[in-house]
Amino acid sequence: MALQQEHLIPNEFITEIHGVSLFMKREDLLHPEVSGNKFRKLKYNLKNAIFEKHSKIVTFGGAYSNHIAATAAAGKLYGLKTIGVIRGEELGKDLEKTIQENPTLQFASSCGMEFEFISREDYRKKDSDEMLERLQKKFGLLYLVPEGGTNSLAIKGCEEILSEEDKNFDVVCCAVGTGGTISGIINSSSEAQKIIGFPALKGDFLTSEVEKLTTKKNWGMAIDYHFGGYAKVNSDLVNFINNFKLQYNIALDPVYTGKMMYGIFDLISKDHFSENTRILAVHTGGLQGIPGMNQVLRKKGLPQIDV
Ligand SMILES: Cc1ncc(COP(=O)(O)O)c(C=O)c1O
C-alpha cells in the first residue's frame, strides 16, 4: 500500500464523562507499518526525495524509535535505500546480537535498513553539515530526514490529519515529541478550536519549539503527563493502557498516546473542560514500540503491556 492512498477512517466514540464527549481519530489505522503521524510526516518527504532523484534516505533515532521503524518500512515501499543513524555506539559492536534482541531494529533491518551506530556525543551533532558530510562519504548522496521526521514537509503532511468535519470538535489533543505533528494540526484547525499537546518529554521547552513552527495562538501544552520523562513509565501508566485496551479495544503506546489518554481522562475527571465539550484525541500510532518496552518492564519487574 503506497503512502498516498490514505482513506478516511471514521472517528471513534470513546466515552462520555461529566458531560464531556471523547472521540478518537484512528491515525494508527492508516497503514500497518507506517502508522499514525509517521505516515503524515513521511508522505511529502518521500515524494520530494523521489522528485529530486534520490535513491537513499538517511534519518536518526534511538534504538526503539517509531520513526526509524516507519522510515525503514516506507523506504521499502518506495524502493528507496534507508540508512538509520542510531544513538548508542555500543549497539554496533555485535550487530547480530543487537538485531536479535531489539524488535525495532530487527524490523527495520528486515525492511533493508542499514545502520550506523554513533556515540551519544556524536549524536548531538546530528544536525550539523559535518555529520551529513561524514555520512555521505560512507554511503554516497543522501536525502536527509531529521530525527522524529519533523521538517516543513512533515508539517505539511500533518496538516492533513484534521478533516473539514473535525471542525465540529471543540478540543483536539495530540502527543508531542518534536512538535511537528501538533504544528500541522494547529495550522489546519479553526480559530474556535483549542489544540492541546501532551509532551512526552519533561519540561516546557516544547512550547517554544512549537511557537517557532506555527503562528496561531489557539493551543497550549498539558505538561504534567510525561511520567518522569521520555520513555519513562510506571505501573500506573501500564495499568491504564491495559484497562483502556480491555474497555475500548484500542491499543495505546507507552511513550506517546498512553500518556496523552491518561492526561485527557485526568483533566476530564478534574472538570478542566466545561459540559458539552467535544474532544478529539489523535491516535498517532507507535504500537511497534510495545515489545521493546515490555523487555524493559520485565527487567524492572513491572507489569507488562498486553499485546
Ligand atoms: C506515536 C507517536 N506519537 C506522537 C509523536 C510526536 O510527534 P512529534 O515528534 O511530531 O511531536 C511521536 C514522535 O514522533 C510518535 O512516535
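Contact is taken here to mean heavy atoms within 4.5 Å. The structure described below is a predicted model, and the account proceeds from the sheet and the helices that lie against it to the packing between pairs of helices.

In this model, helix 9, formed by residues 205-213, lies across strand 7 (171-176), strand 8 (194-199) and strand 9, and runs at about 155 degrees to strand 9. Helix 11 likewise packs on the sheet, where it touches strand 1, strand 2, strand 7, strand 8 and strand 10 (278-283), and the direction of helix 11 makes about 165 degrees with that of strand 10.

The sheet itself is open and consists of 6 strands in the order 1-2-10-7-8-9, with mixed pairing. Its edges are formed by strand 1 (12-17) and strand 9 (219-221), each of which pairs on one side only. With direction ignored, neighbouring strands of this sheet are turned by 25 degrees against each other on average. At one edge, strand 1 pairs with strand 2 (residues 20-26) in the antiparallel sense, over 5 bridges, and within this part of the sheet Glu12 stands opposite Met24 of strand 2.

Helix 11 (residues 257-269) also packs with helix 10 (residues 235-248), the two axes being 10 Å apart and set at an angle of about 85 degrees. Because angles of 65 to 115 degrees count as roughly perpendicular, helix 10 is described as roughly perpendicular to helix 11. On the side of helix 10, the contact is made by Asp236, Leu237, Phe240, Ile241, Phe244 and Tyr248, while helix 11 contributes Gly258, Lys259, Met261, Tyr262 and Phe265. When the residues of this contact between helix 10 and helix 11 are divided by class, 8 are nonpolar, 1 is polar and 2 are charged.

A further helix pair is formed by helix 2 (residues 66-78) and helix 4 (residues 103-110), whose axes come within 8 Å and cross at roughly 15 degrees. Since angles under 35 degrees count as roughly parallel, helix 2 and helix 4 are therefore roughly parallel to each other. The crossing in which helix 2 passes helix 4 is left-handed. Helix 2 takes part in the contact through Ile68, Ala69, Ala72 and Ala73, and helix 4 through Thr104, Leu105, Phe107 and Ala108. By class, the contact of helix 2 with helix 4 comprises 7 nonpolar residues and 1 polar residue, with no charged residues.

Technical notes. Residues numbered from 1 in each chain as written. Predicted model: local features only at pLDDT ≥ 70, side-chain atom pairs only at ≥ 80, totals over all residues. Heavy atoms only, no water. Axes fitted to C-alpha atoms, helices over the stretch in contact; angles between N-to-C directions. Helix = DSSP H or I, 4+ residues; strand = E, 2+ residues; numbered from the N terminus. Parallel < 35°, antiparallel > 145°, perpendicular 65-115°, else oblique. Left-handed = near helix turned anticlockwise from the far one by under 90°. Nonpolar A, V, L, I, M, F, W, Y, C, P; charged D, E, K, R; others polar. Pairing = 2+ DSSP bridges.
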